[in-house]
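Here are my notes on the model you sent round. They are in numbered points, so take them in any order.

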Amino acid sequence: MSAFASHYTYWITVLLMAAGLYIVIARGNLVKKLIGLSIFQTSVYLLYIAPGKLIGGTAPILSAAFKVYSNPLPHVLILTAIVVGIATLALGLAIVVRIREAYGSIEEDEIVAADAGRGERE
Amino acid sequence: MMAATVFAIIVQRNLFSVVVLAGVYSFLMATVLVALDAVDVAMTEASVGAGISTVLLLGALYLCGGEEAKPMQRAWLPLAVTLVIAGALVYGTLGLPAFSDPLAPIHTHVVPRYLGQALAETGVPNVVTAVLASYRGYDTLGETVVVFTAGIGVIALLRRARRASKGAE
Amino acid sequence: MKREPVLRVVGKLLIPYMLMFALYVQFHGDYGPGGGFQAGVITAAAIIFYALIFGLPAARRLVPDAVVETMVALGAFLYMAVGFAGLLLGGNFLDYFVLDRDPVAGQHRGIFWVEIGVLITVSGVMLKIFYMFAGRGREG
């Protein structure tokens with residue numbers, strides 16, 4: 001197989017990872033940053049699960065009718081990762097709500113400026 | 001399609017449409033996961049990513065306001081950093097095993113034992129549940145505690161004294 | 001939204017099925033895809049759906065805050081109790097083989113209770129987070 005066909009899944013993962021990373025560092029809105037972080041996390045799920053797939057295999061539920069199974073171990077790890085990801089998202093959003101109530105905005109530049117202003121006055 | 005969705009998320013500035021697009025992205029990811037035989041993970045990703053995540057984001061947006069400001073001035077710098085990192089990652093993936101290679105290390109160490117012994121030792125045909133709840137049950141305990149901690153954290157952050165809202169900050 | 005007859009009727013029809021589906025996913029996690037996390041999320045989604053249609057106070061009457069907060073802690077506690085039961089019965093922590101005379105039946109029992117613990121915590125936490133976000137109220 002050419003390098004493209006055999007590594008295609010990794011490159012899609014890298015593309016999604018790069019997109020998530022770009023959103024986190026290039027956008028100032030806090031909610032959008034959190035969405036970018038969650039996109040980054042889902043690309044990592046793909047990174048783990050794609051190598052576990054065996055062409056011609058089936059889902060890892062044992063049954064007499066199938067002989068070849070895809071690898072169940074990454075599934076277990078990623079199941080945990082998904083749940084931890086949403087825990088992080090929930091906490092992040094709670095902090096964003098508190099920031100909004102304290103500063104009146106969720107844009108990063110406005111918050112930094114407000115902090116600098118507050119620092120000068122003190 | 002996922003690349004197109006992500007590009008739309010980057011460009012869009014109305015946050016409500018970004019949240020809907022994130023839900024679409026989660027459903028597409030769940031579909032890809034089914035194609036990769038990860039049925040448990042796909043069910044979790046679909047329910048958590050497209051369901052709960054969307055509800056929480058909409059709740060947060062209701063409390064915060066729904067437009068994003070214009071992007072910052074030097075937009076080329078993050079783009080350059082991202083492209084450099086992506087290039088390094090692509091270079092790194094060239095050393096990884098090819099797709100669906102049965103001799104890859106991921107398939108040869110512990111997994112044959114799990115697949116072979118799970119039915120005999122635990123009596124549960126779904127190997128993912130057997131590994132999650134029995135072989136790696138300690139990790140699942142840790143994960144349950146993480147969820148519990150997230151719940152407590154949100155309670156601590158968002159609890160407010162009744163009738164003391166305006167003067168509390 | 002509770003004045004919309006279509007939403008009310010469809011909601012009342014769908015919510016029992018959603019809860020039933022959540023229980024199905026939970027208990028058939030041994031034989032098909034599913035398990036505690038998925039079932040917990042679907043349960044929370046069913047009650048959130050009820051809250052969206054009939055209003056947050058109605059949902060709070062149905063599942064009060066005290067019940068949800070208890071659920072959050074109870075699931076993790078149950079998981080640890082299963083672990084300690086393994087210790088008390090002579091095995092290691094979280095050892096399922098000692099939970100019954102037949103080791104495989106012990107595994108079944110252990111996995112059953114552990115998954116129920118996960119279900120309770122996950123649905124409690126998701127629901128509580130929704131209550132906190134929805135009950136906050138916009139300030140400005």
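1. Start with Thr42(A), which sits in helix α2 (residues 30–49) of chain A. The model is a predicted one. Is Thr42(A) buried or exposed? It has 29 C-beta neighbours inside 10 Å, so it counts as buried. The cut-off for that label is 20 or more.

2. Which residues does Thr42(A) touch, once its neighbours within four places in sequence are left aside? Met29(B) and Gly49(B) are the contacts. Within chain A, look also at Gly85(A). Its C-alpha atom is 9.0 Å from that of Thr42(A), and the two residues are 43 apart along the chain.

3. Now the contact between chains B and A. Chain B puts in 77 residues, and chain A puts in 72 residues. On the chain B side, the elements giving two or more residues are α1, α2 (15–35), α3 (39–64), α4 (76–93), α5 (111–122), α6 (127–135) and α7 (137–158). Which of them gives the most? That is α3(B), with 15 residues. By class, this side of chain B has 60 nonpolar, 9 polar and 8 charged residues.

4. The contact between chains C and A takes 5 residues from chain C and 6 residues from chain A. The chain C side divides into 2 nonpolar, 1 polar and 2 charged residues.

5. Chain B itself is helical in its elements: 7 helices and 0 strands. From the N terminus the order reads α-α-α-α-α-α-α. Of the 169 residues in chain B, 41% are buried. Take the contacts in chain B between residues at least 6 apart in sequence. Of these, 36% join residues at least 24 apart.

6. Helix α1 (residues 2–11) of chain B has two faces worth checking. Its buried residues are Met2(B), Thr5(B), Val6(B) and Ile9(B). Why do they fall on the same side of α1(B)? Because they cover an arc of only 95° around the axis. The spacing fits the general rule: an α-helix has 3.6 residues a turn, so residues three or four places apart point the same way. Ala3(B), Ala4(B) and Val11(B) are exposed, on the face turned away from the buried side of α1(B).

7. How does α1(B) pack on α2(B)? The two axes come within 9 Å and cross at roughly 160°. The angle is over 145 degrees, the cut-off for this label, and α1(B) and α2(B) are therefore roughly antiparallel. The crossing is left-handed. From α1(B), the residues that meet α2(B) are Met2(B), Thr5(B), Val6(B), Ala8(B) and Ile9(B). Their partners in α2(B) are Val18(B), Leu21(B), Ala22(B), Val24(B), Tyr25(B), Leu28(B) and Met29(B). By class, the contact has 11 nonpolar residues, 1 polar and no charged. Two threads join here. Met2(B), Thr5(B), Val6(B) and Ile9(B) are the buried residues of α1(B), and they also meet α2(B). Met29(B) meets α1(B) and is in contact with Thr42(A) too.

8. Return to α3(B), this time against chain C. Its axis and that of helix α2 (residues 36–54) of chain C come within 10 Å and cross at roughly 35°. This crossing is left-handed. On the α3(B) side are Met43(B), Thr44(B), Ser47(B), Val48(B), Gly51(B), Ile52(B) and Val55(B). They meet Phe37(C), Gln38(C), Val41(C), Ile42(C), Ala44(C), Ala45(C) and Ile48(C) in α2(C). The contact comprises 10 nonpolar and 4 polar residues, with no charged ones.

9. Two backbone angles deserve a look. Most residues other than glycine have a negative phi. Asp37(B) has a positive one, near 70°. Where is Asp37(B) found? It is in the loop between α2 and α3 of chain B. With 23 C-beta neighbours inside 10 Å, Asp37(B) counts as buried.

10. The other angle is in chain C. Phi of Leu94(C) is near 60°, again positive in a residue other than glycine. Leu94(C) lies in the loop between α4 (65–88) and α5 (103–134) of chain C. Leu94(C) counts as buried because it has 21 C-beta neighbours inside 10 Å.

Conventions: Residues numbered from 1 in each chain as written. Chains lettered and ligands numbered in written order. Predicted model: local features only at pLDDT ≥ 70, side-chain atom pairs only at ≥ 80, totals over all residues. Buried ≥ 20, exposed ≤ 12 C-beta atoms within 10 Å, placed from the backbone. Helix = DSSP H or I, 4+ residues; strand = E, 2+ residues; numbered from the N terminus. Arc of directions from axis to C-beta. Contact = placed C-beta atoms within 7 Å. Nonpolar A, V, L, I, M, F, W, Y, C, P; charged D, E, K, R; others polar. Axes fitted to C-alpha atoms, helices over the stretch in contact; angles between N-to-C directions. Left-handed = near helix turned anticlockwise from the far one by under 90°. Parallel < 35°, antiparallel > 145°, perpendicular 65-115°, else oblique.
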